[in-house]
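Visitor: Please take a close look at one part of this model for me, the place where the ligand sits. I would like to know what surrounds the ligand and how the contacts are made.

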Amino acid sequence: MELKEKIKEIGREVKEYSIKSKEDLESFRIKYLGSKGNLKALYQDLKSVNNDLKREFGQLINQLKIETETKFDSFKGEINSSSKSSESKQGIDLSRPAADTPLGARHPLAVVRNEIIEIFKRIGFNVSEGPEIEDDWHNFSALNFPPEHPARDMQDTFFIENGAREMALRTHTSSVQVRVMENSKPPIRTISPGRVYRNEAISARAHCFFHQIEGLYIDKDVSFADLKQTLLYFAREVFGEKTEIRLRPSYFPFTEPSAELDVSCTICNGKGCNVCKYTGWLEILGCGMVDPNVLIAAEIDPEVYSGFAFGMGVERITQLKYRVNDLRLYSENDLRFLKQFKSAY
Ligand code: 2U9
């Protein structure tokens with residue numbers, strides 16, 4: 001057979017060669033690519049071809065070699081991967097339960113914050129958020145803090161230089177509610193959860209930041225009775241339906257009259273124990289009717305509208321619900337502490 005015919009014939013064979021197993025693949029390699037294989041023989045034959053045909057035939061053999069090697073490589077890949085997966089299929093019991101993936105838990109403060117948010121959402125409150133770096137107006141002046149009020153003192157507030165303008169880390173989320181009042185019209189029913197900052201030495205009972213939820217309701221004819229009933233509903237949702245409340249007079253610049261809310265002790269149900277210091281009551285939040293000066297600052301007419309407001313520390317509520325006695329635990333990221341709070345929220 002003429003060499004050109006031979007090359008074509010081997011080309012056809014290579015194309016049609018059926019490779020179904022590792023053994024087929026090895027036979028294919030030996031037959032065409034091996035040291036005594038057909039391609040080697042073709043190169044041998046090429047030596048005795050006339051010089052003027054050498055170039056053309058050489059190219060044909062090179063082309064065939066590439067096609068043969070490509071076929072070999074692609075079948076090699078296929079056979080390797082299919083044998084691997086069939087091996088692993090045999091090695092694995094697919095009916096076994098999957099390996100346990102350890103689930104994280106929400107932070108206890110987030111659990112309690114979310115629970116409180118849901119309680120107020122159910123009675124028509126929305127949620128508002130705002131900046132943690134505030135100006136004097138939203139953190140103090142609009143909330144009826146006089147210029148000389150001690151809360152503005154360096155010892156209580158973290159001040160920040162911002163060019164010519166002095167800013168502060170907000171000391172309460174009431175500043176968010178000032179913004180809500182400025183940007184919307186009554187009726188307003190909003191709660192503002194968020195982190196707040198106070199310039200305090202860190203101890204078991206104090207931290208330089210903590211979390212608040214403040215509430216604000218402004219409409220026509222909002223009364224102290226509305227405040228009391230809202231807080232009774234809240235206290236019973238958080239601490240159980242047998243919970244009793246009492247209000248004690250207090251003072252805040254932004255509310256008048258102001259009060260503090262106690263709930264019957266969740267440990268002894270009011271009988272007296274060391275948690276409530278034998279009083280039967282636990283203080284949980286501050287509240288009051290929004291001071292007319294605060295309404296005026298936000299351009300809401302106090303002759304037409306009235307409102308109530310309240311504020312609570314999420315750490316305090318969490319401490320009472322889960323008996324956490326050291327505030328530092330909330331920010332130390334100790335997994336032994338954090339893992340204990342698996343919850344729906
Ligand atoms: C506006 C007007 C009034 C929110 C209120 C309190 C009382 C209060 C403290 C509880 C513990 C802060 O986390 S705490 O240290 N808060 O006692 N907060 S009334 O009054 C407002 C809010 C917004 C516009």
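Guide: Start with Gln212, which has a polar side-chain atom 2.9 Å from an oxygen atom of the ligand. Bear in mind that this is a predicted model. Glu214 also takes part through its side chain, with a polar atom 3.4 Å from a nitrogen atom of the ligand. Gly311 uses its backbone instead: a polar backbone atom there is 3.4 Å from a nitrogen atom of the ligand. On its own the ligand would expose 560 Å², and the protein buries 88% of that. Four elements each give two or more residues to the shell around the ligand: helix H7 (174-183), strand S6 (209-219), strand S9 (281-290) and strand S10 (306-313). S10 supplies the largest share, five residues.

Now the shell as a whole. It holds 19 residues, and the closest are Gln177, Gln212, Glu214, Phe252 and Gly286. By type, the shell residues divide into 10 nonpolar, seven polar and two charged.

For the wider setting, the protein chain is divided into domain 1 (2-86) and domain 2 (108-336). The C-alpha centres of these two domains lie 83 Å apart.

One further residue can be placed as well. Ala225 lies in helix H8, which covers residues 224-239. Ala225 counts as exposed because its relative accessible area is 54%, and the cut-off for exposed is over 50%. Its C-alpha atom is separated by 9.9 Å from that of Phe308, although the two residues are 83 residues apart along the chain.

Terms used: Residues are numbered from 1 along each chain as its sequence is written. This is a predicted model: local features need pLDDT of at least 70, side-chain atom pairs count only at pLDDT 80 or more; totals for chains, interfaces and linings use all residues. Side-chain values use heavy atoms; hydrogens and water are left out. Domain bounds come from an automatic or database domain assignment. Buried means under 20% relative accessible area, exposed over 50%, partly exposed in between (1.4 Å probe, protein chains only). A residue is near a molecule or strand if one of its heavy atoms lies within 4 Å of it. A polar contact is a pair of N or O atoms within 3.5 Å; within protein, one must be able to donate a hydrogen and the other to accept it, and residues adjacent in sequence count only if both atoms are side-chain atoms. Accessible areas come from the Shrake-Rupley method with a 1.4 Å probe; for residues, only the protein chains shown count as cover. Ala, Val, Leu, Ile, Met, Phe, Trp, Tyr, Cys and Pro count as nonpolar, Asp, Glu, Lys and Arg as charged, and the others, Gly among them, as polar.
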